[in-house]
Structures are given as C-alpha cells and as structure tokens.
Amino acid sequence: MATSTTAPDADRREPRAGSPARGPARRPRGPRRSLLPYLLLAPAIVLELAIHVIPMVVGVWMSMLELTQFHIRDWSTAPFVGFENYRATLDLNSAAGKELLHSFWVTLAYSVLSVGFAWLLGISAAVVLQKPFRGRAILRALFLTPYALPVYAAVITWSFLLQRDTGLVNHVLVDQLGLLGERPFWLIGDNSFWSLLVVSVWRNWPFAFLCLMAGLQNVPGEMYEAAAIDGAGFWRRLRSVTLPMLRPVNLVLLLVLFLWTFNDFNTPFVLFGGSAPEQADLISIHIYRSSFKTWDFGSGSAMSVALLLFLLVVSALYLLITNRRRDDHA
C-alpha cells in the first residue's frame, strides 16, 4: 500500500505568484480612507463659499438695509427696512419700477436675439466644417479667435470701429461703398441696441460653434450614409439626423448662453463707458448705475436678488420642460 507523502498543511499553501486570488480583496478601512474624499473636495468647497455663497448671503442682507452713501463707511448704522427696497424697486407704478421694467424688456430682447443668432452661426459653421477639406484647421482656429480674445480688448476694439467720425465701419459704409449718405451714430440712440447686439453675437457664437462641433463628432457617419441612400437631401439630413443627435448639446448650450447673455455686464460697460443709452440699458448696467452712481446699495442689492430669483425660475422651468419632453419621446 502506497504511503502518501503530502504534508498535512499542503492545502494551506500560499498561491504562487501570478495565480488569481481565492477570495475578494479586503478594502482598507480606517479614518484616512473616510477623510480622503472630503480633503480632496475641501479646496473647491472653500473657493465656492468665498466666491459665490458668502457674497450671495451678504447681498441678500444688504438688500434689507437702507444702505446709502450716509452709511457706507459703517454698515452697522444702516437701518433695517426689511422688504421695503423690494417694494420700491418692483413697484411698476413708480418711476424706479418703470425704469427697471424697461431695462428688463431690453435685456430680454437682447438675450433672445443674441442667443438665437449665436446659435445659428455656430450650427452653420459646425456643419460646414464637419467634413475634412484643405484649410479646415485654419478656419477652425480663425473662428475661435473672438472667444479666445480678452473681453476688454475685443470690446474696446469694437468701440473704436463704431466711432462716428474715425471708425472703420462708417469709413467703409460711407466713404468706400457709399451705402449711407451720412455718418450715423452707432453708440447712441436707436443704433446703440443693434451695435451692442452685433458685438455680443460676435463674442458668443464661437462658443456655440465649439460645443456644436464637438457634438457632431459623436454622430455616426453611417447615419448620414443611410439617409443619403434613402434619398434624403442636405436639409432633410440636417432636420432628421443632425439636429436630433445634437439635442442634448443644444439643451445645455442654449441655457448657458441665455444665462451668460442676460447677466452680461462687461460688454455694455466697456462699449458705452458705464452709462448706456436708454435703448441699450441692460439690467446689469441699470443695477450698476443704481448702486454706484446714486449710492443706493440697498436698492441695487434688491434688484440683484430679484434678478437671481428670476434666472433660477427660468432655469428650473427650462429644465422641467425639456426633461418632460425627453421623457415623452422616450
């Protein structure tokens, strides 16, 4: 009878190098692992509190004070008035309320037109540059130039171009092409709104172009080939393939562009020098003038809080409607 020479502890030998483990590896436990996510998020949380949350809370508190030039050196002496600043600024029968309502409608028209034209130019350029051809990379870089330029440099350049006597726009339209009989004023009067709109579209459409161009990279080429085989032309492919595939990108892009444009302060401030004409009196400039020109920081803060609430409501309704439509199509 053969005698087994296997050691009694042979089954408990350690596995060789490279052999799979028999059981799931235990995750390390301890305070270091539990605190690591919070330590990594701490810098972002601190910056968010310092840049957004704390100034927002201070702005809400300022909106409930009668904070004028008499109390600006010592805020603690400013009397608490509660919602009186909101009643005064949002009273549409008062002069301040009518001016605020006028600025609101101007800003709304400006935002809708700017976002619409920026998106139209962006989708057009993205579709044209979708297929490779010689010089496409140069055109892409050229189209992104307005977005890469600093806002102050870009808008100051436009302010020189739109000057009545020395501007390049009037020189080309009047002196060279002869399209206009006299030199118009582009930065005052009714033309100020359209000048501001042109500058805004010029600055924003490259961002729309960049986002839509990135979205088109995810559209399979087989879908266009199948549509072409079925006899679909360019416009049919655009309507049935391109736009439905870009719908998730467009939902976010339109909302972001609207919020940026409605809150735009740098463009009108640099273009008009802080005192925009009545036809281009955006709500951001109106709040700035009410706060820093009349030294009524309480009313200016109330307008800012009301603007914040309006944009929050618009964003919530927009997301609610778009999500409901997405669920219906699903």
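Is Arg87 buried or exposed? In this predicted model, Arg87 has a relative accessibility of 52% and therefore counts as exposed.

**Salt bridges**

The model contains four salt bridges. Three of them, with the closest nitrogen–oxygen separation for each, are listed here.

| Salt bridge | N to O distance |
|---|---|
| Glu84 and Arg87 | 3.4 Å |
| Arg164 and Asp165 | 2.9 Å |
| Arg289 and Asp281 | 3.0 Å |

The pair Glu84 and Arg87 belongs to helix α2, which covers residues 84–90. Because these two residues are three positions apart in that helix, about one helical turn separates them. Glu84 is partly exposed, at a relative accessible area of 41%, whereas its partner Arg87 is exposed at 52%.

In the pair formed by Arg164 and Asp165, Arg164 is partly exposed, with a relative accessibility of 29%. Asp165 reaches 54% and is therefore classed as exposed.

The pair formed by Arg289 and Asp281 has a buried member: Asp281 has a relative accessibility of 6%. Arg289 is partly exposed, at 25%.

**A buried aspartate without a salt bridge**

Which side chain of opposite charge is nearest to Asp264? That side chain is Arg203, 4.6 Å away. Asp264 is buried and has no salt bridge. A salt bridge requires a side-chain nitrogen of Lys or Arg within 4 Å of a carboxyl oxygen of Asp or Glu, so a separation of 4.6 Å does not qualify.

Asp264 is located in the loop that links α11 (247–262) to α12 (266–272). Its side chain makes a polar contact of 3.0 Å with the side chain of Thr267. When residues up to four places away in sequence are set aside, Asp264 touches Tyr110, Leu282 and Ser284.

**Annotated transmembrane regions**

The unreviewed UniProt entry assigns the feature "transmembrane region" to residues 35–61, 108–129, 141–161, 193–216, 245–262 and 301–321. Two of these spans are described further below.

Residues 193–216 are 100% helix and 0% strand in the model, and the C-alpha atoms at the two ends of the span lie 33 Å apart. For residues 245–262, the corresponding figures are 94% helix and 0% strand, with an end-to-end C-alpha distance of 27 Å.

Terms used: Residues numbered from 1 in each chain as written. Predicted model: local features only at pLDDT ≥ 70, side-chain atom pairs only at ≥ 80, totals over all residues. Heavy atoms only, no water. UniProt positions renumbered as here; feature names shortened; annotations may be inferred. Helix = DSSP H or I, 4+ residues; strand = E, 2+ residues; numbered from the N terminus. Buried < 20%, exposed > 50% of the residue type's maximum accessible area, 1.4 Å probe, protein only. Lys, Arg positive; Asp, Glu negative; His and termini not counted. Polar contact = N/O pair within 3.5 Å; in protein donor to acceptor, adjacent residues only side chain to side chain. Contact = heavy atoms within 4.5 Å.
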